[in-house]
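Trainee: Please take a close look at one part for me: the place where the protein meets the DNA. I would like the chain contact that goes with it as well.

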2 protein chains.
Amino acid sequence: MTATGPTGDELVEVLAALANPLRLRIVATLAGGRDYVSHLARVIGVSRPLLHMHLQRLEAAGLVVGSLELSEDGKAMKYFEIADFDFTLTPSALAEAVLTLTTPDPQRGPAREERS
Amino acid sequence: MTATGPTGDELVEVLAALANPLRLRIVATLAGGRDYVSHLARVIGVSRPLLHMHLQRLEAAGLVVGSLELSEDGKAMKYFEIADFDFTLTPSALAEAVLTLTTPDPQRGPAREERS
DNA sequence: TACACGTGTAAGAGAATTCTTACACGTGAA
DNA sequence: TTCACGTGTAAGAATTCTCTTACACGTGTA
């Protein structure tokens, strides 16, 4: 019954990756099918280096997957596709994820006073 | 059947609010019951002004609700509690939210070239 | 009066994000 | 050779986020 969700750190990375309008557009666009970087940049309307950066972020969070392929005319094309994720954001789900946060808990420090 | 989700802008705000270890801890702590600012600051182990700022962000995103109350001995206490939210993060859900993004779509600009 | 406790906010430093511009490399076709 | 297309990355500016410190106000009690 214990549906193990994502780690606290993983969750923070995923949330940070999605908390951006442009990256949200990228995900939405890729949800309609895979595409390679240069073309995707033209479709969305941003510069290629910028898209490259955002794709790195999304890939690092495990939300998209990229694969370098060779086109028929010998060009190196990097295709990206969505990773079919599914996260649920509820108070209890977050409370469970927090248990595995490695971020320095402000608590547990050099014993501070705490009454009541 | 059309379960209207959050607006694109609302979603970005919610994700940005949750994409932070400390704010995640705040939500997790409040999931265990309501509390007032000063006490919550001691429990979590951060300064009150810092907690105040994070609570503002969480409240602006609609994830927590605050109410100023008067204690028996006449002190003004600001209590916060979670807002019982429930967001689902899937490619299709995000694609739907993106439709209502007000963020300047890089596209739709002064007609740029775009061939297939 | 002075202290302990609650509230709120403003100024500033330091760090992280976001974005542009410019450069590097590769291939196939004119 | 030169151009068009693909790849990657580095440097810098502008902005935003995070956090500390310090100040303001209020009440009840020693």
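Mentor: What follows covers the two DNA strands and then the contact between the chains.

This is a predicted model; local features need pLDDT of at least 70, side-chain atom pairs count only at pLDDT 80 or more, and totals for chains, interfaces and linings use all residues. Residues are numbered from 1 along each chain as its sequence is written, chains are lettered from A and ligands numbered from 1 in the order in which they are written, and side-chain values use heavy atoms, with hydrogens and water left out.

Start with DNA strand C. It is surrounded by 23 residues. A residue is near a strand if one of its heavy atoms lies within 4 Å of it. The closest are A:M53, A:R57, A:D73, B:S38 and B:R48. Both chains therefore appear in that list. Sugar or phosphate supplies 62% of the strand C atoms within 4 Å of the protein, and bases supply the rest.

Now the polar contacts (pairs of N or O atoms within 3.5 Å; within protein, one must be able to donate a hydrogen and the other to accept it, and residues adjacent in sequence count only if both atoms are side-chain atoms). The side chain of A:R57 places an N or O atom 2.9 Å from a phosphate oxygen of strand C. For the side chain of A:N20, the distance to a phosphate oxygen is 3.0 Å. B:K78 uses a polar backbone atom, 3.5 Å from a phosphate oxygen.

Next, the elements. Helices (H or I, at least four residues) and strands (E, at least two) are DSSP runs, numbered from the N terminus. Chain A gives at least two residues to the surface near strand C from each of α2 (21-30) and α4 (48-60). Chain B does so from α3 (37-44), α4 (48-60) and β3 (76-82). The largest share, 5 residues, comes from α4(A).

By class, this surface has 9 nonpolar, 7 polar and 7 charged residues. Ala, Val, Leu, Ile, Met, Phe, Trp, Tyr, Cys and Pro count as nonpolar, Asp, Glu, Lys and Arg as charged, and the others, Gly among them, as polar.

Turn to DNA strand D. Here 23 residues surround the strand, the closest being A:S38, A:R48, B:N20, B:M53 and B:D73. Sugar and phosphate make up 62% of its atoms within 4 Å of the protein. A:R48 reaches a base: a polar side-chain atom lies 2.6 Å from a base oxygen. B:H54 has a polar side-chain atom 2.9 Å from a phosphate oxygen. The backbone of A:K78 has an N or O atom 3.4 Å from a phosphate oxygen. On this surface, the largest share is 5 residues from α4(B).

Last, the chain contact. Chain A and chain B each put 41 residues into it (heavy atoms within 4.5 Å). About 3,600 Å² is buried between them, 67% of it from carbon and sulfur atoms. Buried area is the accessible area (1.4 Å probe) that two parts lose on being put together, summed over both. In chain A, the residues that lose the most area to chain B are A:R25, A:L89 and A:P91, together 18% of what that side buries. Between the chains there are 0 salt bridges (a side-chain nitrogen of Lys or Arg within 4 Å of a carboxyl oxygen of Asp or Glu). Polar contacts across the interface link 4 residue pairs, both residues at pLDDT 80 or more.

Strands meet here too. β4(A) is joined to β4 (residues 87-89) of chain B by 3 bridges, and the two run antiparallel. A:T88 stands opposite B:T88.

Conventions
Pairing = 2+ DSSP bridges.
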